[in-house]
Structures are given as C-alpha cells and as structure tokens.
Amino acid sequence: TKAVWRERLGGSVFARSLGGLFSRNPRLDDDLLDEIETALITADVGVSATTDLVDSLRRRMKGREFADSRELLLALRSDLIGMLRPVAVPLQIDPATRPFVLLTVGVNGVGKTTTIGKLARRFKDENRTLMLAAGDTFRAAAVAQLQAWGDRNGVPVIAQGQNADAASVAYDALQAAKARGTEVLITDTAGRLHTQQGLMAELGKIKRVIQKLDADAPHEVLLVIDGTTGQNALSQLRQFNAAVGVTGLVVTKLDGTAKGGVVFALAREFGIPIRFAGIGERPEDLRVFDAEAFVDALLP
Ligand code: GDP
C-alpha cells in the first residue's frame, strides 16, 4: 500500500522540491538549509512549522551532528514523521455506542460528499449497519446525491427535501437510527449558507439538537479539508472548531497537483487527529492516515 501512496503523492510540489534534494547529494552548508526552507514554504508547510524544522536542523548542524547532507536530510525526514505521528490517530468506532454519530462538516467543494460515500463504503465493508442523514438542505443537488448513493448501496438515507431545517433532519435521523439499532449514523451538513455566520450557527444548532437525544453525540465531528487550499485550511479549521469542536480531520485531494505540506501545518497548529487522507477519487482512495506512509511517499 506504500507504493500506492507514493504513486499518488509523488507528483506533489513537496515530493518534487524537497524530494529532489535527496537525490542530488548537496553540500552540507547554510545554502542547503535555505533550500530546505524554501521548499517547505513552497509546499505549504507554513512559516512557523518550517521555522521549527529548519532551526532545529541548523542547531544540530552547528553542533556537528551530521557527517554529510544525507544525514541531515534523514534527520529532516524523521522530524517530519515525528510531527505527524501524534495526529495519526485512527477513528475508533465504539461498538457499544449505537448509533455512533459522525457529523461531517466542511466548506463546499472540499470533497465532503465524496468522502461520505467513501466512508459509508468502508463501514459497509466492515459489516456495520449504517444510515445517512441528508443534512445539507441548502445545496439543491446534495440531498439527491446522497439519496442516489444510498439507493445504489442499500443504505437508508433520512431526508426531508430541500430547504428543510437541517437540525430537524439530523434529529429525525438519530431517532430513526436509535429505533433501528443502527451502528453508524453519518450526518451531512451544508458547506455554504447565505453567510458564514449563518453556517456556523446552523452547525451549532445541529449539534445541540442531536444532544437532546444523546448527550455524548456527535461522537466524532469530522472536518473535511481540501489539501490543495494551502494555509486557508488553517482558518477553516479554526472557524469550524470554534463552532462545533472538531475531533478529527479528513484531508482530501492529496494526490495530483497538491502541495502536501498543509498536513504538517495542521498538525503543528492544532494537534487534532487526521483520521483519513483522500488520495484519489475511487472509494478505496480514502486511506487511514499513516504518518510514515505519507512522508515516505513525499520523500525518496
Ligand atoms: P463537496 O462539495 O465538498 O461535497 O465536494 P464533492 O464531494 O462533490 O467533491 C468535489 C470534487 O472533488 C469532486 O470532483 C470529487 O471527485 C473530488 N474529490 C474528492 N476527494 C478527492 C480526492 O481525494 N482526490 C481527488 N483527486 N479528487 C477528490
């Protein structure tokens, strides 16, 4: 499976710029550190995470810890893995919690609907009973899209049609899932309303209404983030976290032209678990996030 990660992520800005250094056998000097710094910034790692990484390498270089550039690059690789390891915490579904309520949030276009389909497929493959709540009542196609997916895959979808109250859909769905003893309920939400404030207020309301039926729900608030949006991802996480308390992340579109570095910035700034990575459009392309596989795919 590491080969698949490498195949999908190998073309990223990160892999091309920083990965290239590994095969060039550069000199061990300040220019190398400058080059690493530029590569990290270009790949969206962010200024503060980059500064941490480069300062630490500089300190160790001055302390003569590295015999050659190869050793320095290997230290960087292990620092990168070390940054991600604490957030590479897989989603645990407690079988005693029925239903385990997953609230998926994220702005339009990040791949939220696709991710819900991939997750639902994963849970079905794990032989869990499943229900979907069509909580994106704002976007015309969203309810239909979810319903079509549910029909194709034999998964019940609770919907009330367009412009219905999203919190009411979420409440109905939780009630239905409880009644049927369903194991996992995935609740979709809007990614855009008339205003950003309106969206955050609606998400807060959905959460409060769900909690009337189950004080511990939602058991996971999963924010879907587009891996190509760069530092903007940080402000999305900040906003959604303030509104609903994000407990896990899915970073999508890490394949292809992604820069890839935003994952490090997210890990450093928030420390919120990255549950899954989207490395393609097929159902099996939603992978459990693995720090080592990810860094190995970026660096040769
Ligand atoms: P939503 O508006 O957030 O629900 O976004 P969609 O689920 O409709 O996805 C938007 C586009 O992103 C679609 O064309 C998806 O196929 C694509 N997409 C989603 N996840 C990934 C991924 O991991 N990799 C790639 N390459 N495309 C993705």
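**Cis peptides, sheet, core and salt bridges of the predicted model**

Pro99 is found in the loop between α5 (69-84) and β1 (100-105), and in this predicted model the peptide bond that joins Arg98 to Pro99 is cis, with omega about -5°. A cis peptide bond also leads from Ala217 to Pro218, where omega is near -10°; Pro218 is placed in the loop between α9 (196-213) and β5.

Positive phi values occur at several residues other than glycine. Asp44, in the loop between α3 (30-42) and α4 (47-62), has phi near 75° and is buried, its relative accessible area being 12%. Arg64, in the loop between α4 and α5, has phi near 60°, but here the residue counts as exposed, at 74% relative accessibility. A positive phi, near 60°, is also seen at Asn127, which follows α6.

Helix α6 itself spans residues 112-125 and consists of 14 residues, with a distance of 20 Å from its first C-alpha to its last, close to the 20 Å expected at 1.5 Å a residue. Its buried residues are Lys112, Thr113, Thr115, Ile116, Gly117, Lys118, Leu119, Ala120 and Phe123.

The strands form an open sheet of 8 members in the order β3-β2-β4-β1-β5-β6-β7-β8, and the pairing within this sheet is mixed. Its edges are formed by β3 and β8 (286-288), each of which pairs on one side only. Strand β2 (residues 130-133) is covered on both faces, with Leu130 and Leu132 buried on one side and Met131 and Ala133 buried on the other. The pairing of β2 with β4 (residues 184-187) is parallel and extends over 4 bridges, Val184 in β4 being the bridge partner of Leu130. Strand β2 is also joined, again in the parallel sense, to β3 (residues 157-158) through 2 bridges, and in that pairing Ala133 is matched with Ile158. Elsewhere in the sheet, β5 and β6 run parallel and are joined by 5 bridges, with Ile225 standing opposite Val251 in β6.

In soluble globular proteins, nonpolar side chains tend to be buried together. In the present model, the largest nonpolar core comprises 109 residues, and those with the most contacts inside it are Phe14, Leu18, Ile36, Ile186, Phe264 and Phe294. The surroundings of Phe264 may be described individually: when residues up to four places away in sequence are not counted, Phe264 touches Phe14, Val45, Leu80, Met83, Leu84, Phe294, Val295 and Leu298. Phe14 and Phe294 thus appear both among the contacts of Phe264 and among the core residues with the most contacts.

A search of the whole structure identifies 22 salt bridges. One of these is formed by Asp296 and Lys2, whose closest N and O atoms are 2.8 Å apart; because Asp296 lies in helix α12 (residues 291-298) and Lys2 in helix α1 (residues 2-9), the pair ties together parts that are 294 residues apart in sequence. Asp296 counts as buried, at 14% relative accessibility, whereas Lys2 is partly exposed, at 38%. A further salt bridge brings together the side chains of Lys253 and Asp226, with an N to O distance of 3.3 Å. This pair likewise links distant parts of the chain, 27 residues apart, since Lys253 belongs to the loop between β6 (248-252) and α11 (262-270) and Asp226 to strand β5 (residues 220-226). Lys253 is partly exposed, with a relative accessible area of 33%, and Asp226 is buried, with a value of 7%.

The side chains of Arg282 and Glu284 also meet in a salt bridge, at 3.5 Å from N to O. Arg282 is partly exposed, with a relative accessible area of 41%, and Glu284 is likewise partly exposed, at 41%. Through salt bridges that share partners, Lys2, Arg77, Arg85, Glu292 and Asp296 are joined into one network.

An unreviewed UniProt entry lists residues 273-286 under "domain: SRP54-type proteins GTP-binding". Over residues 273-286 the chain is 0% helix and 43% strand, and the C-alpha atoms at the two ends are 15 Å apart.

Technical notes
Residues numbered from 1 in each chain as written. Predicted model: local features only at pLDDT ≥ 70, side-chain atom pairs only at ≥ 80, totals over all residues. Heavy atoms only, no water. Salt bridge = Lys/Arg side-chain N within 4 Å of Asp/Glu carboxyl O. Buried < 20%, exposed > 50% of the residue type's maximum accessible area, 1.4 Å probe, protein only. Expected span 1.5 Å × (residues − 1). UniProt positions renumbered as here; feature names shortened; annotations may be inferred. Core = buried A, V, L, I, M, F, W, Y, C linked by side-chain atoms within 4.5 Å. Contact = heavy atoms within 4.5 Å. Pairing = 2+ DSSP bridges.
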